[in-house]
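User: I'd like to learn how to read the interfaces in a multi-chain model. Can you walk me through it?

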Amino acid sequence: MTSATKRLATVPDADARRAARGFWRDALRRLRSRPLPMAAAVVLIILVVLAVAGPLLVPYSYDAQDLLNANQPPSAGNWFGTDDLGRDMWARAWSGARISLFIGVTAALLDLLIGIVYGGVAGYRGGRADELMMRFVDMLYGIPYLLLVILLTVVFQPGLFSIILAMIVTGWLGSARLVRGQILQLREMEYIVAARGIGVRFPRLFARHLLPNALGPLVVAVTFSVPHAIFTEATLSFLGLGVPAPLASLGTMVSDGLITMLSGEVWRLAIPAGLISLIMLAFNALGDGLRDALDPRTLG
Amino acid sequence: MTRYILRRVAAMVVTLWFIVSATFVIMHAIPGDPFVTEARLPETVLANLRAYYGTDRPLGEQYVRYLGGLLRLDLGPSFKSDTLGVNEQIALGFPVSAQLGLQALVLALALGLGLGMFAASRAGGLVDGFTMLVGTLGISVPSFVVAPLLIDLFAVRAGWLPVAAWGSFASTILPTVTLAVAPLAYIARLTRASVLETLGQDYIRTAHAKGQPPLRVLVHHALPNALIPVVTILGPITAGILVGSFVIEFIFGIPGTGRMLVRAIFERDYPVILGSAVFYSTLLLAFNFAVDLAYGVIDPRIRVERSMS
Amino acid sequence: MRVRTMLAATTALALLLSACSGATTPGGGTQAPAGGGVLRLNGAINPDSMDPALIASRVPGEIVTTLFESLVRLDDKGEPAPGIAEKWSVSPDGLTYTFTLRKNAKWTDGHNVTAQDFVYSYERSLRPETAAPLAANLYYIKNGIPYNKGTLKDASQLGLMAMDDYTLMTALEAPTTFWLKLTAFFNMLPVHKETVEGKKDWTTKPETYISNGPFKLKSWTPNQEITVVRNPDYWNKGEVKLDEITWKMINDSNTAYQSFLAGELDAVTPPPALTAQLIKDGKAKVYPAARTDFVRLNNTKAPFTNAKVRKALAYSLERTPLVDQVLQGQQKPGLGFIPVGLSSGAGEFRAKAGATIFKEDAAQAKTLLADGLKELNLTAFPDVALDYITGDVNKKIVEVLQAQWKKNLGIDVKLNAMERSTLIAAMRAGQYNWQLYSTGADFDDAINLLTQFQTGDGYNYGKYSNKQYDALIDVALKEPNAEKRAQAMVDAEKIFIVQDMGIVPLYYGTQTQVQQPNLKGVRIFTAATNDYSRASVK
């Protein structure tokens with residue numbers, strides 16, 4: 001048992017929260033001292049800001065066509081050039097990034113939510129219920145992820161929410177396992193046993209004590225599952241199952257832009273592909289940094 | 001040990017049954033009838049087709065029949081191809097997919113481990129920087145971008161390798177590389193991190209202090225321990241390679257099971273979809289089982305821990 | 001230096017090898033000297049069937065067209081030329097065709113091709129148990145429809161008769177001016193009875209694949225390639241120059257084009273985004289395709305029940321920018337229904353009917369829309385999604401339509417991407433409002449497309465219905481006089497488009513191909529399967 005949790009085990013409710021806050025402050029300090037994850041965080045903030053505000057900086061809508069102005073390279077008028085229907089690539093790229101980030105974040109958060117509830121219940125109940133619930137998770141794990149996502153997207157018909165839905169059908173398994181493992185460990189701690197002893201009920205116990213202490217690894221998991229979801233959507237786009245027109249995600253833009261490797265208007269591929277890569281890199285670097293910062297082994 | 005194996009096998013059978021049932025339900029929820037095309041077939045003809053393939057029967061009966069066939073290892077006929085049943089399609093496609101997957105796995109492991117170790121031994125240097133670059137690019141560029149790029153560079157412009165057409169060894173190089181990129185990057189990063197961590201341990205410092213040559217320390221002392229995390233992710237990596245080949249087989253026109261499955265999904269070829277789901281899942285389960293058994297042999301503690309969880 | 005020597009050595013080896021294989025080509029002795037070369041094409045996906053009666057798609061159709069020969073084969077200009085039939089005669093009422101078969105036409109097992117073979121093959125295609133997907137092409141044969149539907153069981157009542165081994169008679173339901181051309185279609189190719197009846201998997205192996213055409217099957221490696229080799233016993237082998245034709249199976253169109261660039265394929269359809277540049281550079285050849293792309297309107301669902309609304313949608317589009325700026329494959333704006341290049345039976349249809357039969361007019365469209373909506377008691381254009389099949393080109397088209405309707409009519413049209421099978425299922429069930437669709441002719445006569453909008457026709461998924469139109473189509477189906485018949489079709493199109501606007505026509509399709517410079521003699525037709533049997537690569 002680490003010293004932090006040992007201390008937690010003996011303090012009452014309010015102190016426990018304060019201690020948890022201290023833990024996060026420590027983690028943040030450790031994170032700040034590392035250049036790469038911090039750079040990644042800054043990049044992500046900039047990306048999110050541009051994804052929200054970027055399209056507003058130009059006088060074009062992401063779906064406004066100008067057929068006579070198609071396939072123009074980047075210029076002062078169109079900072080990222082135009083696509084094959086003469087649509088402004090700057091507006092498209094950022095609204096595409098918005099859609100991709102929305103898909104990634106929503107899918108990751110929903111995975112987390114389901115995982116927390118399912119894993120929390122399984123871990124807390126333990127015994128027979130836990131055994132059964134985890135068997136079910138194992139079963140779903142046996143189905144190849146991409147195969148299932150493709151099948152479900154076909155069943156639901158491609159659309160923004162149906163794609164997210166298809167991804168979370170088995171996407172929550174990882175976080176459920178994670179939460180359950182954490183809870184299983186914490187559940188036997190003295191302070192939890194004590195809290196139970198004085199009649200604190202499960203939902204409160206879960207929200208106040210178990211969850212905050214399991215949060216570290218979960219945050220790391222989310223940082224990795226956002227880019228995974230973005231990538232999966234891109235693969236679906238390649239198979240023609242991405243978000244339907246006139247919506248465009250970075251994935252559908254990359255997939256539409258593949259042809260430019262042969263036709264020459266490479267900015268139509270390089271810009272969305274570059275953005276995907278940047279998002280992937282930033283999330284991965286941030287995830288690595290967070291993992292190191294939150295690693296209990298580095299706790300002093 | 002025998003009891004453990006028996007339990008695992010029983011669990012696998014139940015899991016498989018669950019997967020078959022789930023896929024069966026999902027598949028029949030897909031809108032669209034496999035025999036309905038633009039062509040105007042008279043009702044009598046459609047009825048004949050449905051009767052021949054048994055799709056006119058109640059779903060429950062179709063389900064029981066399918067399970068019966070499965071017990072005889074018969075995955076049934078394809079709705080679309082009149083020459084190749086599901087068993088034949090898998091028998092034709094799997095050796096190709098397996099060869100591609102195996103080549104990619106070997107390449108990813110060999111290069112990933114090598115680069116990772118080399119980078120760790122020169123941490124902060126040029127090689128290290130290069131490795132990290134490969135490691136990050138490899139997981140951030142979609143394979144459907146890498147594939148046409150490689151084709152353009154090495155097949156169309158340089159003319160060194162064939163574009164598509166599976167057959168000779170040369171034709172397998174580009175798809176193998178494309179498929180290996182992501183796991184290679186992952187393995188290289190993991191190996192680097194893990195070797196660096198091991199190198200910081202006391203026993204390594206001791207070895208260095210005793211005056212052993214650095215390479216010997218790296219290979220004999222650091223590597224064995226550093227490899228453990230790589231071994232533990234072999235399972236997911238293999239699964240990833242297996243499924244990752246969907247897109248790559250499609251782009252390179254490779255006659256494997258991945259391409260077959262994607263086509264079957266779009267054409268509503270139910271028996272092929274079901275058959276591949278069963279096949280892929282069995283493969284995945286068997287593989288995970290084998291990995292677990294291997295752990296048990298290597299390190300008994302792991303087995304206990306796993307059977308507890 | 002070393003590289004160069006090695007290269008020289010391999011070239012010499014390759015020459016040696018090709019010389020060897022030339023000497024041992026199957027069939028040996030009797031054939032024309034080898035060295036005609038190999039033609040390499042892309043077949044995209046593994047054929048579901050190689051049995052002419054069971055094929056429903058283009059590429060397998062192309063392949064069997066080189067393996068078999070029907071009564072006639074289309075010549076360079078797409079006109080029927082003698083095939084297995086040496087000559088033929090038509091009865092004055094146009095109902096009976098009598099074919100005299102040549103005596104030197106042989107199956108690859110050595111037997112002669114006889115009239116009974118044709119009777120058998122056509123009866124088999126119409127048999128309900130065969131479930132031939134394109135059996136409708138044989139409905140022109142007397143009693144073909146009831147036999148295919150299973151209501152008539154007696155095969156002898158079909159309009160097919162072998163007068164003797166080399167005389168075939170076909171009796172038709174109505175004078176069918178395009179009957180001869182139709183017999184060249186791939187699902188009208190004859191098959192070998194003993195083979196087809198005896199061996200279920202006869203199409204999979206060269207030994208059991210008995211055919212009668214310019215080529216015979218050499219190998220079929222599923223999902224990889226099909227190779228056919230010159231048939232030394234083909235009656236007209238003098239016209240065949242190639243040694244072999246190979247269809248590789250590469251489904252990704254970008255990869256296929258890259259294969260072409262690398263010299264691994266001799267001809268491909270380039271990806272749509274490249275066609276404009278390739279045409280400009282003179283590298284791609286464009287052929288008419290007898291295909292019309294249109295928006296199918298469900299005539300039973302509001303607001304498409306109203307002719308003014310339908311016209312407003314059609315008048316408000318700008319087809320020239322769609323074709324020139326977006327599609328760029330030299331398609332023609334569709335200001336009519338029947339595509340350019342298709343025959344009326346008395347000359348090209350569009351030449352007779354006029355190139356355009358309505359005008360684009362945004363201002364008029366706006367008025368029409370307002371009037372139409374008022375008649376329907378609607379205050380605004382309802383929120384009905386336009387369905388389209390997923391795919392790059394379709395997506396671009398609907399995005400352009402969406403923008404043009406917004407600009408010219410001020411309406412917001414929602415788009416709904418659907419997967420092909422799903423869209424077709426919805427279409428057949430009538431559960432859709434409007435959808436982007438495309439229809440092409442199987443044979444070179446406008447009637448093939450026009451019947452699709454007759455009341456009660458199996459293809460009339462938009463439920464367009466107009467008694468005058470139905471009557472004119474009936475005339476066109478029965479009238480033996482070609483001029484009168486053509487006029488009936490021209491009048492029918494006017495009712496369908498000018499008066500009712502049953503659909504929103506968009507453009508007339510084309511097919512584009514890039515070919516290596518040495519490829520000659522490919523026969524690409526407006527409304528028939530490509531024929532590679534007379535091509536050469538030298």
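**Reading the interfaces**

Analyst: Sure, starting with chain A and chain C: between them they bury about 1900 Å², and 58% of that is on carbon and sulfur atoms. Buried area here is the accessible area (1.4 Å probe) that two parts lose on being put together, summed over both. On the chain A side, A:Leu67, A:Ala245 and A:Leu262 lose the most area to chain C, together 28% of what that side buries. Before we go on, this is a predicted model: local features need pLDDT of at least 70, side-chain atom pairs count only at pLDDT 80 or more, and totals for chains, interfaces and linings use all residues. Residues are numbered from 1 along each chain as its sequence is written, chains are lettered from A and ligands numbered from 1 in the order in which they are written, and side-chain values use heavy atoms, leaving out hydrogens and water.

User: How many residues does each side of the A and C contact take?

Analyst: Contact means heavy atoms within 4.5 Å. By that rule, chain A gives 20 residues and chain C gives 25 residues.

User: And how many salt bridges cross between chain A and chain C?

Analyst: A salt bridge needs a side-chain nitrogen of Lys or Arg within 4 Å of a carboxyl oxygen of Asp or Glu. The rule finds three across this interface. One of them joins the side chains of A:Asp84 and C:Lys396, at 2.9 Å, N to O.

User: Now the other pair: what area do chain C and chain B bury between them?

Analyst: The size of an interface is often given as the accessible area lost when the parts come together. For chain C and chain B that comes to about 3700 Å², with 52% of it on carbon and sulfur atoms. In chain C, the residues that lose the most area to chain B are C:Asp48, C:Gln258 and C:Arg428, together 16% of what that side buries. As for contacts, 48 residues of chain C meet 42 residues of chain B.

User: Which side chains form the salt bridge there?

Analyst: The rule finds one salt bridge across this interface, and the side chains of C:Asp48 and B:Arg263 meet in a salt bridge at 3.0 Å, N to O.

User: Back within chain C, is C:Lys538 buried or exposed?

Analyst: Buried means under 20% relative accessible area, exposed over 50%, and partly exposed in between (1.4 Å probe, protein chains only). C:Lys538 is exposed, because its relative accessible area is 68%. It still touches C:Gly35, C:Gly36, C:Gly37 and C:Asn518, not counting residues up to four places away in sequence. C:Lys538 and C:Gly37 are 501 residues apart in sequence, yet 7.0 Å apart in space, C-alpha to C-alpha.
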